[in-house]
Structures are given as structure tokens and as C-alpha cells.
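User: Please give me a close look at the interior packing here, and then show me how the surrounding parts fit in.

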Amino acid sequence: MNTFKGFVIKEFKQIYRDKRTLLVLFGMPVIMMVLFGFAIRNEISDAQIGVLDFSRDDVTQTLTHKLQASKSFTVNAWLESYEEVEDLFRQGNIKEIVVFEQNFAEKLEREGVADIQVITDATDPNLAKLVQAYTGSIVRDYVADLNAENGIEIQQAGLQPEVRMMYNPELRSVNLFVPGLIAIILMLISALMTSISITREKEMGNMEILLVSPLKPYHIIIGKVLPYMVLSIVNVLTILLLARFVFEVPFRGSNLFFFLEAGLFIMTALALGVFISSAANNQQTAMMVSLAGLLLPTVLLSGFIFPVSSMPEVLQWVSHFIPAKWFLVIVRGIMLKGSDLMLVWKETLILGVMTAGFIGLSLKKFNVRLQ
Amino acid sequence: MYDVAIKTEGLTRRFGDFTAVDQISFEVKKGEIFGFLGANGAGKTTAMRMLTGLLMPTEGQAEVAGFDVYKQAESIKKSIGYMSQKFSLYNDLTAEENIRFYGGVYGIGRNELPQKTDEVIDSVGLQSVRKKPVESLPLGWKQKLAFSISILHQPKVVFLDEPTGGVDPVIRRQFWEKIYEIADRGITVFVTTHYMDEAEYCDRVSIMVDGKIEALDTPKGLKQSFSCDSIEEVFIQLARSAERGQG
């Protein structure tokens, strides 16, 4: 036991001595959090739009004001004709042009129907869709107000669905990113750092000395893994605190249950790290394999940024084998819906089985290497 | 008490079709300095890995410090010291921390450790730099430190895998003085080297070619039976007959 304690102390000392890595370990969660929280947003603010008003009456004026007054838009161009549209888009600043048809107010009053045309610059399709959706909701609001105030019945073409976004009504992207960030950072620290630190011992020749010594192989693995486990837990806490107090992400579920699930995912990542290090012979390989084999799929295929349901079928299949996908479902459930084990037992079970599998594989690999 | 520190009988290791170590048999007496020579790829490292419990033999018998390599690998690990050709200290830890770490690994108690640490620091002459990271020390000092650490727990047998690689002649000389010193204390030294002048310092020398031991005698005896002036000539004569490429 004394032997083992010495090993863990040495491991902590080495991590502590390596200031650059230490900075990365503790700085990364904060930087990523700030990046994803502030810079990378799915909501829009102050998008520049133009108005082409063929009618110039009270109603179109009010609608233009409404657009201008919303935080999402700034009306920056008043057009005279359709010819100007392309020029403006070519310049690149204006993202959308709202066109009101002639005699807008008149038609609205008489027929109950008036056309608004929305032209968007779809060079950035995501942005175009968002801008369109926001404009639509502002117009709908106005229509609803009109109906209520004046008792005028304005017909709307076809069925008008009433949309209600549950659990994240403001559609704040930071709520969505936090669980994904936790998964990514745990993959980076638990899997990548562990695999690098074990292969470093191999590369430097220390591993041979350790294997010749009375230390048991499992002592070495646990000793290597334990410090990164502690670091990972500290990082999960950092992200969670930032999320709650800086970005005001709701946390509806149980803290204890969250940490149990996070603990399970840390185990998954550590097992992957050990597995990689038992296959890779130097730090470079370990790093490349961790980045390409773990981090990329975690970012791209887990549903962190791109929803799994909109992937091609093949990739959807692949995503089933990515631990982060299941972890994301669990964490989003706990944080935003307040899920408990009853609701996410299936995902937990899958994650548990995966973890057990990886631990088994890496133990086998480690023993084979000794023969 | 035993008089034989290492004993092998037809020790063999195969990797698939390739026989890395082919039926080697030898005995090393207690307190002896045994030189284990061979060209690169002759099978030295594989043989050493079997004797240190890192690799299971395919067939044959071997005993180290009186323990069987098949059944008592754990006991062997406690009775041997090992220093590899690759540098084996932790560069980012200080000399003192390295000593304490390896001392701990070999189960030296907390009460004994401070005293042992001081002893090693004194014997290597590291008083002034004991709190500096090992990284900043010259290679020769590092090697001396690694050697002292490998015998910290008073092993019965110490395996030195090219301990003096890349070290200047003065330090090599000091190194061999230390080896003689521990051999006098009854520690058996099993050493590989590429420096043929060092082979002359050994009590007995074996030369491996293509996985087999082709010659085993005192340096003097070897020179006589091959009618050469130096071990180097003996070695070259044997190594030339090798069929395996340098690898």
C-alpha cells in the first residue's frame, strides 16, 4: 500500500511540475466555456436587414419599427426596387430583405390578407434560416396584437401551428453546449492525458523498470489513472459552476445523480485512455489516436453540435458506438429536464457496458504485452 | 545459502517462427561479474527480459537468486535490481525524489528512506544538486544515480543493460569501480556492454551469436582459445559468422 501511495504522489508531483500542461488542464475548460458560451451562438443579435417597402403606410411602418426595436435586427438599408437586392447581398453586410407589397394596409383591411416577402442571403444557410424564423415570429406577434386590439380578424393562410419550445424556451445555445463541453473536456483530460502519460513512461524507459519492480501492473495503471480522475472531477465542477453562475444554465436534476453519471463517463474515458496507451508505443501516436479516434467523433457524431437524428443513416449507426452520445442524452436530461435514473437507465446501462468492455480489453492488452 | 545466482538450462524463447534465444545454458556464481556480450539482435535483450521476469520463456529452465522464473517471478522481482540502457530516472523529479520514489517502489520503509537517500546522495556526490530536477544533471551523473538506485534495496542480483552507453571514459572508470565494490559485497552483477575494454573487467564473459551462446570463459581463457590479443578480436571473429543481420 505504501508502495502504491508513493506512486500516486510521484504522479501528482509530475503533473504539478509541468506548468504548461497544468495551464492547459485548468485553463481549457474555462476558455472553452467562454468560447462556446459567448462567441459561438446559435441565436442571432443585431443582424443587419433591409426593407423594401412598396406601400409606405401605417402598418408597414409599424412592422418595420417592430423589426428595428427587436434585439435581433438592425434595419440598415431602405431599398427602392428589387434591382438593389443582389447588390446589397453582394456587399455582404445585409443578411435579409423584407418586402412589403403595394397597398399593404389597404389589402389587409379589405381582404384580410397581405403579402410579406422575406429574401435571405443563404450563403450561410444556418444564419438564413434563423433570420427567417425570427422575422416570422415578430410578424406573427404583430398580427396577434392586431387581432386582439381591433377585433379585426386577419386570416392566415392555411394552418398556423402554435409553437412552444419546452425545457429551453429561449432556445439558448449555451444550455445545449454545456453538456457537450463536459463530454469533450472529460475525453481530453481523462483519455488523452492518461494515454499520453502512460506512453511517456514507455518512451522514457521507466515502464520497463516499473515492470521489473515488485509493483503489480494494476498498481501502475490505477496509480496513473487516479490523478487524472481527480483532475477530471475538478474540471466538471469548474464547468458546472461557470454554467450556473456565469451563463445561468438551469440545473433541474439531482447533483448527486449528475456526479454519479459523470463518474461513470470519467471511467469510460479513462478506460479508453489506458486502452490506447497499451496499443501505442509513443506519445505522438497516443495523441493522434486520441484526437482522431476519440475527440473528433465526440465533437461531430455525439450530437454535441449536429443533431444525430439529421445525420445519414450510416453515421447514425456509427454514433451508437460513441460513448459521448449516450452521456449527452443523460446530462441534457438531468440538467434541463430533471431526469432521474428511471428516465435514463437505458443510456446509463449502455455506457456501463461499454466501460466494462473497454476496461476488459485494456487489461487483456496490458497482460498480453507482458508475455 | 546458495552459491549459484543465475542458472539456465536450455532456455529458449520463440516469437512465431523466429527463435530469439536458442537453448542457452549457463551458471553465474554469487558475487561474480558476468559479462553478457553479443551483437545487436543476437538475443541479449530477450534473454535478459526472461531472467528479469518480463517475458515468459518458451522452454527450458531458469533460476534467478534461487527462484524459478515460471513460478516465482514475484520473488525474483524483489531480489533483483535493474538498470536499462534507456535512461530510467524521472527527468522532472529531483535526485532526492527519484531515490525516494524507487525506494518506495521496492518497499523500503518510511523510517529507513531518509537515511538511505542521504547515503546515495553522498556516494554519488550530489549534495549540491539534490534538490534540482534530474534533467539538469550531466549524463554521467544521471547514470551513476540510476545505478545507485538499482542497488538501493540490496538486491541479490543486479542486471545492468549497457550502463555506460554514451558516458566519458573517466566516469566509466568510476562506474566499474562501483561495480567491483558491490561485487565484493556479494551482489552478483549481470552486465551487457558494447565496450570491449569493459568486457576485460568482467570475471567471465559470454558471447551470444544468433541466439546461442558461442563462447563462455574468463577473458583470459577466451583470448587463449581463440588465439587473439583482445576480447574485441574474439568478438569480431564470432560476430562475423552471424547469419542474422544487424538489427
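Analyst: Happy to; let's begin with the core and then turn to the strands, the record and the contact between chains.

This is a predicted model, in which local features need pLDDT of at least 70 and side-chain atom pairs count only at pLDDT 80 or more, while totals for chains, interfaces and linings use all residues. Residues are numbered from 1 along each chain as its sequence is written, and chains are lettered from A and ligands numbered from 1 in the order in which they are written.

The largest nonpolar core holds 137 residues. Such a core is a set of buried Ala, Val, Leu, Ile, Met, Phe, Trp, Tyr and Cys residues joined through C-beta atoms within 7 Å, where buried means that 20 or more other C-beta atoms lie within 10 Å of a residue's own, with C-beta atoms placed from the backbone. Ala183(A), Met187(A) and Val189(B) have the most contacts inside this core. Helix H7 (residues 173–204) of chain A supplies the largest share of it, 17 residues; helices (H or I, at least four residues) and strands (E, at least two) are DSSP runs, numbered from the N terminus. Another core, of 15 residues, lies apart from the largest one and includes Leu63(A) and Val131(A).

Back in the largest core, we can zoom in on Val189(B). Leaving aside residues up to four places away in sequence, Val189(B) touches Ile33(B), Phe34(B), Val158(B), Leu160(B), Ile179(B), Ile182(B) and Ala183(B); contact means C-beta atoms, placed from the backbone, within 7 Å.

Now for the strands. In chain B, an open sheet of four strands runs in the order S2-S1-S4-S5, with antiparallel pairing (two strands pair if DSSP finds at least two bridges between them). Strand S2 (18–29) and strand S5 (67–68) of chain B stand at the edges, each with a single partner strand, so one side of each has no neighbour in the sheet. Strand S4 (residues 59–64) of chain B meets S5(B) over two bridges, and Val64(B) has Phe67(B) as its bridge partner in S5(B). In chain A, strand S1 (residues 47–53) and strand S2 (residues 73–79) run parallel, joined by six bridges, with Leu52(A) opposite Leu79(A).

Finally, the contact between the chains takes 23 residues from chain B and 21 residues from chain A. On the side of chain B that touches chain A, H3(B) gives the most, with four residues.

Definitions and conventions. Buried ≥ 20, exposed ≤ 12 C-beta atoms within 10 Å, placed from the backbone. Contact = placed C-beta atoms within 7 Å.
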